[in-house]
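Please open the model in your viewer and keep the sequence panel visible. The tour below proposes a series of selections and describes what each one shows.

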Amino acid sequence: MPFKGEQEVVFPQDSYSNVLLIYADNMRGKTSFLNALRWCFYGEAIERNRRVIEPFNIVNWDAADENEWEVSVDVKFELEEIEYELVRELQRKPMIHIPKRSSDLEIKVALRKDGKVIKPNEITHEINQIIPKDIARFFLFDGELLEEYEELVKEEASEKSERIKEEIEKVLGVPAFLNARDHLGVLLSKARTQQGKDAKDIKSIKSAVTQCELLEKQIKDLKRDLKLLEGNKNSNRKRITKLKEIIEEFRSVHEDQKDYEECKSDLSKLEKKQDILSAKKRDLLKEAWKDVISPLVEVKKTDLEKSRDKLIKPSKEEYKLEGKIEALESVLENHKCPTCTQDAGEEIRIEIKNNLEKLQAGAQNITSNNETLNGLQEKIRNLSAIKKTSASTEIPGIEKDLRSNSLDINKLDTERERLKKELSKHDTVQIKKDAKERDGLLILEGEIKTNIEDCRRNISVKRERYNVYAAKIDKDNTAKKMRSSRLVEAYKGLKLVFEDSISTLRDSLRFQVQKHATETFKELTTEQTYKGLKINKNYGLSIIDEKDREVTLRSSGAEEIVALSLVSGLNLTARKSAPIIMDTAMGRLDNKHRENLLRFIPDVVDQAILLVHEGEIRKEDAYKILESRIGGIYNIERVSSSQSKISKD
Amino acid sequence: MKHKEPKTIGLTLATKPNLARLVEDGYFNEQLDAYKFAVALALKTGRLADPGGFTTIFNIGTIDLDREIYESVKILREYDEEPVYKTVERLAEWGVNELFQVSESGDIDFSKWLK
Amino acid sequence: MSKHAPLEILESTFNEHDISVPKSVVYNIHDIEMDYLFESNEDIPIKQIKKIVETAVDQQPKEN
């Protein structure tokens, strides 16, 4: 479902401005909005083919990714001046860390009526009094489900059309007659028993009374057998359902087992990865001490190099000096200039000797600087040998991976523990036994059905014979005076009244539905030559043209108009009235039909909530057509591909 | 100043078990790896323990065959009032205790010292 | 359709037969059934119907 976080919608409170428009593009959440209301009232959200959406799939995906599993729908409404508040909540079960299926979630429902809390076991009853689930579909109207109404057009009964027909008849109150007939039948039977007891001493009907008693007992025994058989059928069916659930749960046990093995494997892989990374890190740390002091080394090296460079210049001077000293020493030794080869006199030799002494003193200075220089060179060489390793580049990345893996390991470990615990609850041998038992019970179910049919047939035969003898008793003048006979007479008559009324009621209601549906149809259709609609025994509606011919080929737009007419006809004929909520109901209609529908709806229902998109009806057009009948407009807007939010226009 | 260098180095009796723990807890392959890292850490931080009280753990030939530690500490230390390896011991003493304390309060994040 | 249409049908059928109890009994039974239309508790309508019919029968003049 697309909604995450709190969303609020206020329905129109005014009886004139009673239309609420909720705009949303396709796949933004219109059907989900409808489903939210359906789920709140009846605990069911449905998708196409009326399949129930699993509670697990109700939770918004983004919320589920954040491990937030709480879903809540809170509806406040008023009916016959009583204020109601209905809240339905879905949340994860205690002890479940990450839900994986619907059975990991639980649902709670609460109802307040004029502030008073209704007991949990009475909530369904209360809701049925407000708007029973069986007829809710005619008020929570999903345009995508209109296709189902097409079934009703067919004259031949199908299982689907029978089911829809039963639902429609419930809306119209037909079952009330059927139930009255059945209840009066039960009371008649009891009154007959009493009559038999009271008439025991009347000679003229003694034999009839005895026969009635005998047959009564036989019918009673057969009914008891029937009740037992039906009880067996029900408990058999319950056991089959339970076994199916268990077997289905076993399927989920299989999944759990698979998940458990996968979890173990992933955990093992991650732990191996951790070991490899840790070992690599330890190997890198062997020489990493060099990386630690590397900045200090660089600074020191730079200082040393500066000092060294200062000393290199004098070295060059030394080289020149050595040349000069050699030349002067040669003159003193050979008494001759090595360049011009002339004799060097005494005076010249003394001058040369003085210069030589000076030069030699200078050379001495330079030599001691060389020692310092050599010392510096050696230090620089030693520091250069302390080379940085790859530890400083590799270890940060390794540590990041180790931390990330550690988190994943924790999650997997928790999940593995949970799965282990779940699996320990199941006995796979037992599951196989259960499957065998289920198959056996299914065969037994067939046998029970046959026995039930035989039993009913026997009851019917004996009932007929009983009625013959009972009629004899009824005619007896003495017996007629008994209270029990008067009760029998009363129940017989009342039962007959309801029995005979049933088909009349059905015909009358169908006529009324046809009448109202036709009125609606004429408001909605743009084809003015159509005469109206004709209803068949399944409540299917056909369009009748001006020549009283049935219009056989209908477009999907026409189907929609007819289906809407049926809903309107049912609402106007039905005992219950309620707001109508229509989801994308105008998708297949052209502009004119849409306009007709919008003009018509506010007068037909107390409140109308229309879930639409701009392609069906633009806001400015809606304003023009509905004007002051609009009680509010909301938008369902995209937050992301998996999230929408509702905001007031 | 020239000093006579010792032939062995180590830690105080109190700190020796901490060095062993750093290996047991899986941070280093060997004690000498942890020892060298501790020395470097102390150098980087500019801290060292008080002199004295050290017991032998390693032969110099085992832990510093190439004399890389010796040369590094010799050049990088601010003074030379004692033998280089004595300084190494004091640096290691501080460094091992520092590493141990960090490990006690959670996992050691080496990358912050390798920047 | 007015909510009374089913009652009109019941009335019309009632008039076609000679029923020993008053017409109001039929209306009361119908109302009881409508109230419990969407419930599964069948005992309650029966008990209420029994009470109404017995009361009506007991109020009938006795034949000699």
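Two strands are said to pair if DSSP finds at least two bridges between them. Helices (H or I, at least four residues) and strands (E, at least two) are DSSP runs, numbered from the N terminus. The model is predicted: local features need pLDDT of at least 70, side-chain atom pairs count only at pLDDT 80 or more, and totals for chains, interfaces and linings use all residues. Residues are numbered from 1 along each chain as its sequence is written, while chains are lettered from A and ligands numbered from 1 in the order in which they are written.

**First selection: a pair of strands in chain A**

Select strand 6 (140-142) of chain A together with strand 10 (residues 580-583) of chain A. These strands pair in the parallel sense over 3 bridges. Within strand 10 of chain A, A:M582 is the bridge partner of A:F141.

**Second selection: the sheet around them**

Extend the selection to the open sheet of 6 strands in chain A, whose order is 6-10-11-1-12-13 and whose pairing is mixed. Strand 6 and strand 13 (643-648) of chain A stand at the edges; each has a single partner strand, so one side of each is left without a neighbour in the sheet. From one strand to the next, the twist averages 15°, with axes being lines fitted to C-alpha atoms (for helices over the stretch in contact) and angles running from 0 to 180 degrees between N-to-C directions.

**Third selection: chain A as a whole**

Display chain A, which has 17 helices and 13 strands. Of its 649 residues, 29% are buried; a residue is buried if 20 or more other C-beta atoms, placed from the backbone, lie within 10 Å of its own. Two residues are in contact if their C-beta atoms, placed from the backbone, lie within 7 Å. Among contacts in chain A with a separation of 6 or more, 75% join residues 24 or more positions apart.

**Fourth selection: chain A against chain C**

Here 32 residues of chain A are in contact with 31 residues of chain C. Helix 3 (123-130), helix 7 (174-198) and helix 14 (483-524) of chain A each give two or more residues to the side of chain A that touches chain C. Helix 14 of chain A gives the most, with 16 residues.

**Fifth selection: chain B against chain A**

Finally, select the 21 residues of chain B that are in contact with 22 residues of chain A. Helix 2 (31-45) and helix 4 (68-76) of chain B each supply at least two residues of this side of chain B. The largest share, 8 residues, comes from helix 2 of chain B.

Terms used: A residue is buried if 20 or more other C-beta atoms lie within 10 Å of its own, exposed if 12 or fewer, and partly exposed in between; C-beta atoms are placed from the backbone.
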